[in-house]
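Trainee: I would like a close look at a single part of this model, taken slowly and with the terms spelled out. Could you choose one strand and then follow its surroundings outward?

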Amino acid sequence: MSSPRFLLHTFYRSSCSARLRIALNLKSIPYDCEYVALDKYEQHTPTHRKLNPSGSVPVLTILMPDLIGVNFSIPQSVAALEYLEETYTDYPLLPTGYRPWERAQVRTLVNIIACDVQPVTNRRTNKAVEALNGSLQDWCNHFTACGLEAYEEMVSKTAGKFSVGDQITLADVCLIPAVWNAEMYEVDLEMFPRVIDIYARLSELDAVKKAHWRVQPDTPKDGALV
């Protein structure tokens, strides 16, 4: 049976899309991209909404060449990360063996980013803040800093070389794009020395470099943020 083909519906500045780019790269899983221009509202087209009724990215579509009609899509990044973890075990991103407490620690850190930080600073929320004449920079700075403060406290108990011990985990995969956003929001990252130490180590990896928003094919030539 042929291996499945992966199609990532992505946007260069989407931190959730970046999580999947990083994980796919770490696991050495080949994938193709379909670029969804959020600034042109392509996420709301009927075609995209069939894949993701929430009208967002990423969507990970799994194409099964030998099983006609069995293609399927996963329209939430953490669910897609868990799917990849269950099906591609050669490069685990959760602690292995009988260590459920460590896996719980990883998932806690994932949720700090995925539940406490990203939803309140994403493009959809930003538009609502702007509509209310709020300071978008102050809003995103505040909630990102709050999330990183919690992350910093957690990793003071769990970190080795990375967020949980010396193995790269899903927590690190989610942390990296959150720090990219923190830089954009001008968060004072010196307040989070453990986070920055982990981030610096991760930033040296080819899998992370290839996933960076600045080097994506849909990144504007002038590097503008939208």
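Mentor: What follows is an account of one strand, then of one residue within it, and then of some other sites.

This is a predicted model, in which local features need pLDDT of at least 70 and side-chain atom pairs count only at pLDDT 80 or more, while totals for chains, interfaces and linings use all residues. Residues are numbered from 1 along each chain as its sequence is written, and side-chain values use heavy atoms, with hydrogens and water left out.

The part I have chosen is strand β3, residues 59-63; helices (H or I, at least four residues) and strands (E, at least two) are DSSP runs, numbered from the N terminus. Because 5 of its 5 residues are buried, β3 is largely enclosed by the rest of the structure, where buried means under 20% relative accessible area, exposed over 50%, and partly exposed in between (1.4 Å probe, protein chains only). The burial applies to both faces, with V59, T61 and L63 covered on one side and L60 and I62 on the other.

Strand β3 pairs with β1 (residues 5-10) in the antiparallel sense over 5 bridges, two strands being counted as paired if DSSP finds at least two bridges between them. Strand β4 (residues 72-74) also runs antiparallel to β3, to which 3 bridges join it. In these pairings T61 stands opposite L7, and T61 likewise stands opposite S73 in β4.

T61, which has its place in strand β3, deserves a separate look. It counts as buried because its relative accessibility is 8%. The side chain of T61 makes a polar contact of 3.0 Å with the side chain of H9 and another, of 2.7 Å, with the side chain of S73; a polar contact is a pair of N or O atoms within 3.5 Å, and within protein one must be able to donate a hydrogen and the other to accept it, while residues adjacent in sequence count only if both atoms are side-chain atoms. With its neighbours within four places in sequence left aside, T61 is in contact (heavy atoms within 4.5 Å) with R5, F6, L7, H9, L51, F72 and S73.

Turning to the backbone, P58 lies in the loop between α2 (46-51) and β3, and a cis peptide bond, with omega of about 5 degrees, joins V57 and P58. Most residues other than glycine have a negative phi, and most peptide bonds are trans. Two further backbone sites concern phi. S28, in the loop between α1 and β2 (31-35), has a positive phi near 55 degrees although it is a residue other than glycine, and S28 counts as exposed because its relative accessibility is 63%. E186, found in the loop between α7 and α8 (193-202), is not a glycine either and has a positive phi of about 60 degrees; with a relative accessible area of 62%, E186 is exposed.

Finally, a word on the lining of the largest pocket. By class (Ala, Val, Leu, Ile, Met, Phe, Trp, Tyr, Cys and Pro count as nonpolar, Asp, Glu, Lys and Arg as charged, and the others, Gly among them, as polar), this lining has 20 nonpolar, 16 polar and 6 charged residues. Helix α4 supplies the largest share of the lining, 6 residues. A pocket is an open set of points, on a 1 Å grid over the protein atoms alone, where a 1.4 Å probe fits, with protein on both sides within 12 Å along at least five of seven lines, and lining residues have an atom within 4 Å of a point.
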